[in-house]
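Let's take a friendly walk through a protein model together. Have a look at the structure first, and then we will start with one small local detail before stepping back.

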Amino acid sequence: MTEPAAHERFELPPRYDPPQVEARWVRRWVERPFAADPESPKPPFTIVIPPPNVTGNLHLGHAFDNAIIDALIRFKRLQGFETLFQPGTDHASISTQILVERALQSEGTDRLALGREAFLERMWAWKERYGGIILEQLQRLGVSADWTRTRFTLDEGLSRAVRKQFVELYHRGRIFRGERIVHWDPLSQTTLSDLEVDREERPGHLYRIAYPLEGAAAGEALEIATVRPETIFADQAVAVHPDDPRFAHLVGRRVRIPLTDRLIPVITDAAVEPDFGTGALKITPAHDPTDFEIGERHDLARPSVIGLDGRLHGELVPAEFRDLDRFEARALVVAALRDAGDLRGITDHAIALGLSQRTGEPVEPLLSTQWFYDTSAAAERALAALEAGEIRLVPERYTKVNRDWLANLRPWNVSRQLWWGHRIPAWYDEDGRVIVPDPSDPFLDPPDDPRYAGRTLTQDPDVFDTWFSSNLWPFSTLGWPDTDDPFFQRFYPTSVLVTGYDILFFWVARMELAAFEFTDQAPFHTVVLHGLVLDEHGQKMSKSKGNGIDPLELIAESGADALRFAMSHASTGGQDVRWDPRRVEMGRNFCTKLWNAARFALGHLDGPSDAGPPERLADRWILSRLAAATHAVTDALEAYDLGAATRAAYDFTWSEFCDWYLEAAKPALREGDPRTRYTLRTVLEGVLTLLHPIVPFVTSELWEAVGRATGASGRPQLAEAAWPVPAADAVDGDAERAFARLQAAVGAVRALRVDADLPPGQNVPIAWEGEGADALRVEAEVFTALARVTPLPPDGSAGAALSQPVDDLVLRLPLAGVVDVEVWRAKQHKRLATQRAEAQRSRGKLGNERFVAGAPGEVVAEERRRLAEAERLIAAIEASLSQVG
């Protein structure tokens with residue numbers, strides 16, 4: 001037995017106040033962050049944050065990401081790993097530049113008027129003022145990152161990594177400058193990658209247009225079908241499928257583009273779909289990616305008739321349509337075709353319109369000279385890694401999605417017509433020749449290289465796609481290209497990546513490509529993909545829809561732990577999550593329940609404790625259940641199933657610890673039993689440890705309170721404690737079976753109260769008999785406390801009584817002196833009549849074939865449920881009446 005060290009008696013405040021408690025721990029974790037030590041002998045465990053945009057504010061997606069990441073990091077830290085939670089932000093080229101350009105517009109100026117250097121000064125000033133907001137918000141969520149290592153994708157170190165990547169790829173022949181069809185955003189005036197374009201189905205039209213045949217009789221024409229009649233002026237051919245007999249006699253002839261005098265050939269190409277439209281396809285190589293490929297195969301010219309501003313331009317466009325917006329021009333071209341007799345029909349046709357993710361503007365497929373990255377070699381290596389199991393995706397079903405995308409890559413357009421970002425380190429001499437730094441010294445600018453002395457060199461004005469820097473994130477944040485950096489040596493490859501499935505292509509696959517290209521190994525061994533947070537109707541949240549939820553408001557109202565609990569509880573198998581505010585309320589109530597339980601426990605920990613084997617059934621049972629819960633939570637976290645871990649920890653804490661054990665332990669605690677006191681502290685600390693990855697604030701506060709209450713106030717904070725590992729024999733089957741019998745007896749008493757129409761808290765006399773009577777009598781003190789009963793001898797239930805059988809027991813509640821038997825009997829007969837009438841009514845409705853066949857399914861199901869409930873109550877009432885006689 002141990003006597004507690006002398007200390008002042010400590011009491012928790014009676015009410016849990018999340019803002020006050022959480023603010024103190026936020027300060028502590030920011031001022032003294034969990035810094036990773038590359039020299040530590042502990043095994044490493046690393047997760048990099050999906051870098052939020054520097055423009056951003058915390059949204060539920062961030063909360064979901066970081067609740068999962070931080071839970072895993074805290075779990076592994078408790079398990080004894082040297083953890084690194086690598087934080088940072090992304091410069092987000094397009095969205096950030098748009099924000100600053102809007103500010104300039106409000107001042108009556110723009111970036112062109114400022115010039116590049118002054119504009120970038122404004123950009124950096126904006127970043128310094130607003131760029132840290134999202135990190136502060138993540139700190140408010142309780143993220144235990146190593147804030148001393150915060151990175152930004154435009155930092156000097158990460159910029160060196162991007163430059164190294166480009167120079168190496170260029171000299172390997174993987175990056176090239178070429179003319180291709182790109183997605184052009186006329187509003188932000190830059191190209192976009194495929195993944196920066198959202199496809200939205202909108203109602204449109206399919207136009208059938210007659211292209212008159214050269215030298216044929218009037219009215220003889222080849223009909224084509226198109227959704228974009230405004231581009232006909234850039235047509236270079238009409239293509240048909242080589243096996244389509246309808247057009248065989250026309251191949252090789254020429255047709256005239258309507259509204260012009262230009263003639264173009266009829267050609268064949270296997271890419272034409274005979275079943276689409278008329279089976280004849282106009283070929284516009286400068287304005288459609290499929291047409292571009294057909295044009296390359298047939299050596300067609302590639303004139304453009306739509307400019308960077310989205311307006312029709314050039315000598316090929318009739319004067320009346322020049323300088324018109326593309327959509328305005330479409331309507332006028334259609335009208336002109338109709339007047340000329342060349343419009344043969346219009347049908348409704350759904351169009352998958354491409355929209356810029358950043359501006360919402362319909363993107364324009366344009367022919368443009370850009371920088372492209374041929375990822376095919378890296379993709380082969382990444383595919384081999386997936387096949388070999390070097391990278392595991394959770395849920396596993398996303399492995400096929402990942403594999404399919406890697407197997408169907410096109411060259412990646414990595415250049416953007418922006419100023420905010422990593423400027424492309426390529427220069428052009430007077431003759432237009434491209435000069436890129438030598439790979440032996442990639443950081444030496446060609447103008448400073450003696451080999452190019454005396455030549456006038458001009459740097460490419462474009463910047464890289466944002467993803468061309470974030471693809472390096474798992475290793476650039478750790479010091480690469482300096483492979484001797486101790487953090488790169490120690491913490492790369494990273495352990496797990498956690499992110500939404502929606503950026504599996506955007507980011508995850510591109511990190512895989514970059515990692516195999518430059519480190520020849522997987523960037524992480526496991527990818528945990530979670531679903532999207534949708535509104536209560538299953539719709540994506542957005543500002544434009546007005547259905548977004550501000551996590552900071554939730555934190556202010558209920559606490560960060562409540563929000564983290566809600567996100568963790570809902571995390572299941574990569575499925576989308578419908579937002580339900582009741583989960584946050586559930587989290588807040590749970591934290592309050594835990595606080596109150598700890599407050600009760602702290603009131604009984606002041607006194608000697610004994611670490612010897614527990615003797616009381618309740619103590620043996622709760623220690624066994626703690627071991628089982630520890631196994632369940634540990635297994636779930638090891639499987640990256642945060643939802644299952646949260647539910648297991650919640651159920652154990654709320655039901656078994658709070659509702660059962662604390663009540664069962666009260667008699668022993670009143671007697672001052674030192675072994676029960678030791679058990680109470682052991683289980684409370686176990687509960688706090690299991691819950692810490694999920695609700696770190698309240699558990700840290702309570703852990704510290706237990707230390708102060710027991711004279712151990714100098715011990716490390718909970719985040720630095722040890723994860724519990726149950727002994728091999730910790731699960732006590734005998735104790736669990738015995739306590740289950742006790743719980744069943746308590747449940748029987750509660751059922752007897754209901755049958756007797758007594759209030760739940762009323763103390764009642766109970767007699768019991770049967771083979772298990774002696775075992776229950778041994779635990780009579782605990783049983784009477786839990787069930788609120790006065791024990792009677794076996795013969796103490798003479799006269800009218802209600803009974804409940806439980807396993808090898810029968811419990812009896814004598815009614816004499818407890819209720820007026822005649823009044824009770826009359827009331828039961830009245831209830832019985834009501835339920836019989838209800839059952840008869842339901843049988844009548846369900847026996848009506850018209851009702852069953854015509855009513856909605858849920859109405860019929862509800863009626864069946866009512867009948868079943870009425871029949872159950874009838875049986876219970878009849879049983880009670882038969883017992884009383």
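Arg788 counts as partly exposed, at 43% relative accessibility; here buried means under 20% relative accessible area, exposed over 50%, and partly exposed in between, with a 1.4 Å probe and protein chains only. This is a predicted model, in which local features need pLDDT of at least 70 and side-chain atom pairs count only at pLDDT 80 or more, while totals for chains, interfaces and linings use all residues. Residues are numbered from 1 along each chain as its sequence is written, and side-chain values use heavy atoms, leaving out hydrogens and water.

Most residues other than glycine have a negative phi, and most peptide bonds are trans. With that in mind, Arg788 has a positive phi of about 55° although it is not a glycine. Asp299 also has a positive phi, near 55°, and is exposed, with a relative accessible area of 70%. Two cis peptide bonds can be added: one joins Val394 and Pro395, with omega about 0°, and another joins Tyr492 and Pro493, also with omega about 0°.

Where do Arg788, Asp299, Pro395 and Pro493 sit? The table gives the loop for each; helices (H or I, at least four residues) and strands (E, at least two) are DSSP runs numbered from the N terminus.

| Residue | Angle | Loop between |
|---|---|---|
| Asp299 | phi near 55° | helix 8 (289–297) and helix 9 (326–340) |
| Pro395 | omega about 0° (bond with Val394) | strand 15 (392–394) and helix 11 (398–406) |
| Pro493 | omega about 0° (bond with Tyr492) | helix 14 (486–491) and strand 22 (494–500) |
| Arg788 | phi about 55° | helix 26 (780–787) and strand 27 (789–792) |

Now for the whole chain, which has 29 helices and 29 strands. Its radius of gyration, taken over C-alpha atoms, is 37 Å, well over the 29 Å that the globule rule gives for 885 residues, so the chain is more spread out than a compact globule; that rule is 2.2 Å times the number of residues to the power 0.38. Its C-alpha atoms fill a box of roughly 115 × 80 × 55 Å along the principal axes. Buried residues make up 53% of the 885.

What lies inside? The largest nonpolar core (buried Ala, Val, Leu, Ile, Met, Phe, Trp, Tyr and Cys residues joined through side-chain atoms within 4.5 Å) has 199 residues, and Leu563 is one of those with the most contacts inside it. A second, separate core has 32 residues, including Ile264 and Leu312.
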